[in-house]
Amino acid sequence: MNPVEFSHTVLISRVASGRWHALEDDLVVGRGESSRRPDGRMFVSIDAWHGAAFDRLAEAMLAALPRQLHTVVDEADLGLTARWRRAGFTTRRREWEYAIPTDPRATGLDSAPPPPDVTITAFGRAEEAPLRALDRTIRDQVDAGPGWQDMPAEILAPPVLDPAKYAVAAQSGQYVGLLRVATVTRLPRIGLIAVRADRQRRGIARALLAHTLGTLHRIGRETASAEVTESNVAATALFEGIGARRTGSNLELVLR
């Protein structure tokens with residue numbers, strides 16, 4: 001594809017579908033990418049050596065892509081956030097990052113037994129068929145309720161369910177809640193906690209957290225992490241109620 005020249009030294013070239021390079025003196029000084037998530041939204045990202053390369057990439061990409069566009073930035077990166085705002089993006093939502101102690105003495109979860117007739121199935125012991133059925137039920141709840149726009153990207157598409165990553169709550173012989181743990185580097189991350197709509201507000205999510213954090217503590221993991229959308233008041237109260245500490249935040253920005 002033909003490069004588009006924006007200055008005497010910087011060239012922008014669309015090198016493939018959804019990919020751009022910024023070139024300066026024949027060196028790549030920036031890269032831009034676009035990708036469509038399973039919910040249909042288009043996300044863009046730019047990694048540039050300097051502000052001029054970012055601006056040139058943003059101008060070329062925004063001219064080529066349909067609206068609306070989204071991107072995610074670390075709120076602490078003021079320079080990057082300002083560059084996206086200069087390109088016309090505004091804040092759509094904030095997601096808090098939490099560090100969660102696993103010691104039951106710190107969380108207070110040593111005194112949080114499961115509700116009556118609820119049992120917790122440990123990681124790796126859930127049956128795949130009913131686990132998949134529960135996952136489908138929860139996805140149907142989201143479709144019928146708040147929708148997917150505030151959900152982490154990793155749970156938008158139906159996952160390849162690995163029972164080793166799930167703790168499950170069962171009641172009256174049916175799976176009614178689940179918690180998935182993923183590991184990023186050496187820090188365990190709670191990627192999803194969800195309870196069937198007709199069984200919520202009964203302490204099931206808290207019992208799943210008690211089991212999960214207790215298990216992590218017994219194998220020597222002192223801290224876990226999680227991300228919670230700022231508008232999710234219930235999840236924020238749940239995590240902060242067990243001593244979780246905010247460690248940072250991400251912003252989803254949108255160009256409408």
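Visitor: What is the phi of Gly 220, the residue that follows helix 5?

Guide: This is a predicted model, where local features need pLDDT of at least 70, side-chain atom pairs count only at pLDDT 80 or more, and totals for chains, interfaces and linings use all residues. Residues are numbered from 1 along each chain as its sequence is written, and side-chain values use heavy atoms, leaving out hydrogens and water. Helices (H or I, at least four residues) and strands (E, at least two) are DSSP runs numbered from the N terminus. Right after helix 5 comes Gly 220, with a positive phi, near 95°.

Visitor: How far apart are the end C-alpha atoms of helix 5?

Guide: The expected span is 1.5 Å times one less than the number of residues. Helix 5 has 15 residues (204-218), so it should span 21 Å, and the distance between its end C-alpha atoms agrees: 21 Å.

Visitor: Which element gives the largest share of the largest nonpolar core?

Guide: Such a core joins buried Ala, Val, Leu, Ile, Met, Phe, Trp, Tyr and Cys residues through side-chain atoms within 4.5 Å, buried being under 20% relative accessible area (1.4 Å probe, protein chains only). This one has 26 residues, with Ile 204, Leu 209 and Leu 213 among those with the most contacts inside it. Strand 7 (90-101) and helix 6 (233-240) are among the elements that each supply at least two residues. The largest share, six residues, belongs to helix 5.

Visitor: Which residues does Leu 209 contact, leaving aside neighbours within four places in sequence?

Guide: Contact means heavy atoms within 4.5 Å. Leu 209 is one of the buried residues of helix 5. Its partners are Leu 109, Leu 179, Ile 190, Ile 193, Gly 214, Leu 238, Phe 239 and Ile 242.

Conventions. Buried < 20%, exposed > 50% of the residue type's maximum accessible area, 1.4 Å probe, protein only.
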